[in-house]
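This report goes through a set of charged side-chain pairs and the surroundings of one further residue. The sequence and the structure come first.

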Amino acid sequence: MEDGLPSNHIYRICQDKKGLIWIATPNGVSAFDGIDFKNFTVEDGLCDKDILQTFADSQGRVWFSGFNGLLCFFKDGKFYNNKNTPWLPRSLSGRYFKHIVETKDKEILFTDGLSLFKLNPSDEIEEIKKEHPIAWCYFGRNEEIIYPDKTEISFMGEAGAWGLKEDGWYQYNFRTSQTNFMFPTYDEGKNTWAHIFYDEKIEGYWISSAQGLVLWIANKRGIKYSKILDFHALLDFRDRAGNYWIATNKGVYFLKAELLKTNFHELPPLSDGNTIRSITADDAGNIWLGFSDGLLAKSKNNSFIFFEDKYAPNSNCHLKDITRASNGWLLISNDCGLVVIKKPKQTNGKDLNILRKFNKTGLGYFENNQFYLLNHTSSKSAIVLNNGQIYLGDFRGIVKPENTSNKITYEKIFNERVHLLRAGKKTIWANSNQGLIKCEQDSCFAQNFDEPKLKERLIDIEVIDDDFVWVATISSGIFCVYKNKIYNISRKDGLASQSCNSISVQGDSVIWMGSPPGLHRIKYTIKDEILKIDKIELYGKNHGLQSKNIDKVYASKNSVWVTSGKGLLNFTEKNLGKDQNPPCPYISNISIQNKDTIIHENYNLPHNKNSISIAYRDACFKSTQYEYQLKGLDNNWIPTTQSQVNFSYLSPGSYSFFLRAQNGEVVWSEKKQMTAFYIRPALWQRWWFWPAIALLIGLGIAWLVYLRFKRREQRTTLLREIEDYKHKALSAQINPHFMFNALNSIQSYILKNDKKNANKYLSNFAKLMRLTLDNSLETQISLAQELEALELYMSLEAIRFSKKFEYEIQVAPEIDTTKTKIPSLLIQPFVENAIWHGIMHKAESNGKIWIRIKREGEMLQCEVEDNGIGRKKAAEIKKSSHRLKHKSAGMSITEKRLQLLNSLKKFKYNYQITDLYKDGQPSGTKINFSIPHILNSNQTTP
């Protein structure tokens with residue numbers, strides 16, 4: 001569970017079409033892509049929490065059978081169950097389904113051991129009828145169905161059905177209909193539940209039971225049992241890469257096919273905290289493990305002998321180091337002194353010649369049948385040079401014990417704390433507080449080569465020759481000192497981690513490194529005194545190691561021993577083999593704009609969905625490196641060790657994503673197109689868009705030119721009409737009738753010899769004519785000029801009508817009449833209409849006309865009100881008099897001028913006549929109309 005599984009109790013395992021490993025547990029199912037576990041429960045759509053069976057069919061569906069008897073399947077990122085899929089019933093038999101298989105006809109078969117059901121390609125489930133009930137039903141790779149009548153049938157293979165009886169395994173042969181004894185049980189005849197899986201790759205049988213997992217191989221050399229696990233296990237699944245997945249009650253075990261022949265040894269129980277300090281081998285082939293509290297020896301007959309530190313004077317003599325000298329001795333250093341094992345024999349371990357003795361004066365050793373006392377009672381490390389000289393290293397430094405007159409004396413050759421000693425032929429290499437030091441002829445000096453990392457505490461030292469040394473560090477990888485040159489092998493060279501636990505050299509071209517991520521194999525060559533790293537490989541749990549954290553490693557000529565918290569493992573390089581089977585890369589997820597999507601072979605995407613993430617995995621669990629290519633963006637192959645690649649803000653176009661993977665033996669998978677997608681260009685990115693825009697702009701400009709020409713033409717026409725109506729207004733204002741009446745009035749004054757009034761009337765008349773003619777020459781005049789002419793006109797008419805009416809002009813105070821410009825000859829026709837149709841027919845002489853002017857925005861609101869007889873009475877008089885058959889010419893001309901001005905200037909035309917009443921009787925007429933005006937005298941208005 002610490003790796004991500006929902007439970008350590010595993011029922012079944014399968015691999016789907018994409019390569020995902022599905023694991024059924026009592027707490028749901030888990031999908032493993034080689035890197036991560038993704039867990040699913042009932043909340044995700046699973047039919048039950050307790051899943052007992054899982055099966056992957058050829059259509060990409062992964063089937064699940066729950067303890068509650070329900071079926072469901074997973075496809076394209078979604079679970080299908082009886083709630084969202086009508087043809088999946090709630091329960092077929094009331095029991096859970098033990099087995100699910102697929103036939104050649106794409107039919108899915110389910111059995112609970114008593115009944116058999118079939119799901120045909122039309123998604124219809126039916127029960128297969130039978131004459132008699134069956135106890136168990138199994139399916140083999142030949143897709144035959146067997147209905148045994150006994151419960152001991154455990155497996156059906158290509159040749160027949162297998163059953164377990166008290167004396168061993170039997171096989172029922174389909175062709176001969178005979179039952180044959182095959183081999184005895186490995187568990188001394190215990191008749192327990194068991195399952196057999198035939199492995200044609202190794203021509204052997206995997207026997208799974210509550211007692212564990214055993215590999216049984218029968219060939220010309222005889223029958224061989226290899227016990228893999230000793231607890232409840234079930235193996236009936238091998239993935240497409242040939243690797244084995246084992247369901248147990250302690251989690252999922254993964255066994256790399258290449259390491260089937262490795263030898264795993266469980267260490268005997270040791271006290272808590274009794275960690276492995278060192279590992280080495282002697283000349284007799286015994287493997288020695290140094291623990292804190294003693295030694296563990298493994299002889300060639302695979303027996304383990306544990307030597308407690310019974311010779312130590314107290315319980316604090318913890319072991320520090322085991323060194324194998326060139327003369328065959330084993331030097332075992334601890335806090336209380338030195339143990340010398342002189343050339344151990346190839347025995348069961350009881351006859352090992354331990355030359356060590358403790359007495360009151362200290363520790364000693366035998367040499368040439370003579371005992372020498374060593375009262376130097378602490379040793380972190382000890383070595384023996386080729387000349388037989390022993391050196392000891394501890395917190396005091398490095399000392400050289402010598403036998404003088406049957407008495408041991410000590411010569412100190414280095415004065416600082418030493419953690420580790422290793423011997424060359426004539427030199428000593430050590431790790432001290434100064435870092436790496438080298439001693440020649442009892443003279444020691446630091447070997448830093450201006451490399452600060454070599455001044456730190458070191459983990460391990462391997463001496464090849466006096467001038468060729470490998471050094472393991474805590475966090476900087478491995479260093480090599482070769483002929484006064486220093487090389488650093490680190491993560492940039494291919495190490496999975498720069499943290500080292502131990503190193504061991506094998507031959508003259510390979511060095512092994514134990515580290516937390518696994519076991520590194522580093523291949524190197526030396527040419528022209530230059531060291532070159534050729535290849536770095538990493539081995540972990542997926543290669544068969546019991547733990548990826550390798551504590552100690554020891555490489556002999558023909559094999560490699562590694563230790564971890566799980567035990568001791570031995571393998572040869574030949575066992576590792578050369579994996580020539582290529583990886584099986586596949587796409588595990590595609591995300592578009594940070595949203596996961598269903599994986600398709602082709603995508604057609606809009607322009608704003610152009611950021612794509614593609615995650616990939618290896619269904620064969622072999623990949624150490626990937627290469628990808630996105631045709632349409634870059635035709636180069638791009639190497640990566642990541643399992644996801646992101647493409648952001650891709651330009652519109654067609655893209656094809658290719659992927660290949662490399663295993664640890666540099667075998668590449670096929671360069672295969674995994675998916676393709678087309679990003680549609682935006683509207684403005686299409687080839688025709690800008691030509692169309694240019695065409696539209698051209699047409700628009702042409703249309704604007706046309707409109708401008710048309711408007712200019714319309715304006716010219718309007719101006720012409722306005723000018724024409726202005727002249728008509730002038731003609732209406734100085735019509736002959738008015739001039740005749742005015743001259744008659746002057747004549748009347750002359751005849752009456754009223755020189756004063758005649759002169760005044762004639763002067764006003766002449767002034768009005770001059771103003772009218774002057775104003776008619778201007779496009780616009782000031783409001784003051786218009787009002788002056790209007791007042792002259794009303795004064796003449798008032799005199800002519802014998803002062804029958806009065807008039808009053810009111811201008812809003814905010815209006816500057818001298819700066820406000822209006823079209824000329826606009827107000828007078830409305831006043832004339834009030835006089836002639838309102839005041840003239842009034843019997844009384846109390847007529848009055850009000851002229852009010854105010855501003856509203858860009859318009860002047862003009863109001864002409866009279867207290868005449870009203871429009872209705874005037875119309876009756878007009879009808880009876882037969883004198884005026886049409887509307888006043890001045891009024892109609894003015895209305896038309898206003899309409900033309902509105903069209904030209906886009907003013908809101910406003911013209912309204914209101915009849916006034918008093919006590920229900922007509923009391924006059926009020927006219928409201930708008931006059932366009934401007935304030936800037938530099939502008940012109942027609």
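## Q389 and its surroundings

In which loop is Q389 found? In this predicted model, Q389 sits in the loop between β38 (381–384) and β39 (390–394). The relative accessible area of Q389 is 19%. Because the limit for a buried residue is under 20%, Q389 counts as buried.

With neighbours within four places in sequence left aside, Q389 is in contact with I383, V384, K400, P401 and E402.

## Salt bridges: the total

How many salt bridges does the structure hold? There are 21. Three of the pairs are described below, together with a network that involves one of them.

## R617 and D36

R617 and D36 form a salt bridge through their side chains, with an N to O distance of 3.5 Å. R617 belongs to strand β60 (residues 612–618), while D36 lies in the loop between β3 (28–32) and β4 (37–40), so this salt bridge ties together parts that are 581 residues apart in sequence.

Is R617 buried or exposed? R617 has a relative accessibility of 8% and therefore counts as buried. Its partner D36 has a relative accessible area of 42%, which makes D36 partly exposed.

## E808 and K848

A salt bridge also joins the side chains of E808 and K848, at 3.4 Å from N to O. This pair links distant parts of the chain: E808 is in strand β67 (residues 805–811) and K848 is in strand β69 (residues 847–856), 40 residues apart.

The relative accessible area is 30% for E808, which is partly exposed. For K848 the value is 23%, and K848 is partly exposed.

## A shared-partner network

Which residues are joined into one network by salt bridges that share partners? They are D33, D36 and R617. Two members of this network, R617 and D36, make up the 3.5 Å pair described above.

## K492 and D493

In the salt bridge between K492 and D493, the closest N and O atoms are 3.5 Å apart. What is the relative accessible area of K492? The value is 68%, so K492 is exposed. D493, at 34% relative accessibility, counts as partly exposed.

## Accessibility of the residues discussed

- Buried: R617, at 8% relative accessibility.
- Buried: Q389, with a relative accessible area of 19%.
- Partly exposed: D36, with a relative accessible area of 42%.
- Exposed: K492, with a relative accessible area of 68%.

Notes
Residues are numbered from 1 along each chain as its sequence is written. This is a predicted model: local features need pLDDT of at least 70, side-chain atom pairs count only at pLDDT 80 or more; totals for chains, interfaces and linings use all residues. Side-chain values use heavy atoms; hydrogens and water are left out. A salt bridge is a side-chain nitrogen of Lys or Arg within 4 Å of a carboxyl oxygen of Asp or Glu. Helices (H or I, at least four residues) and strands (E, at least two) are DSSP runs, numbered from the N terminus. Buried means under 20% relative accessible area, exposed over 50%, partly exposed in between (1.4 Å probe, protein chains only). Contact means heavy atoms within 4.5 Å.
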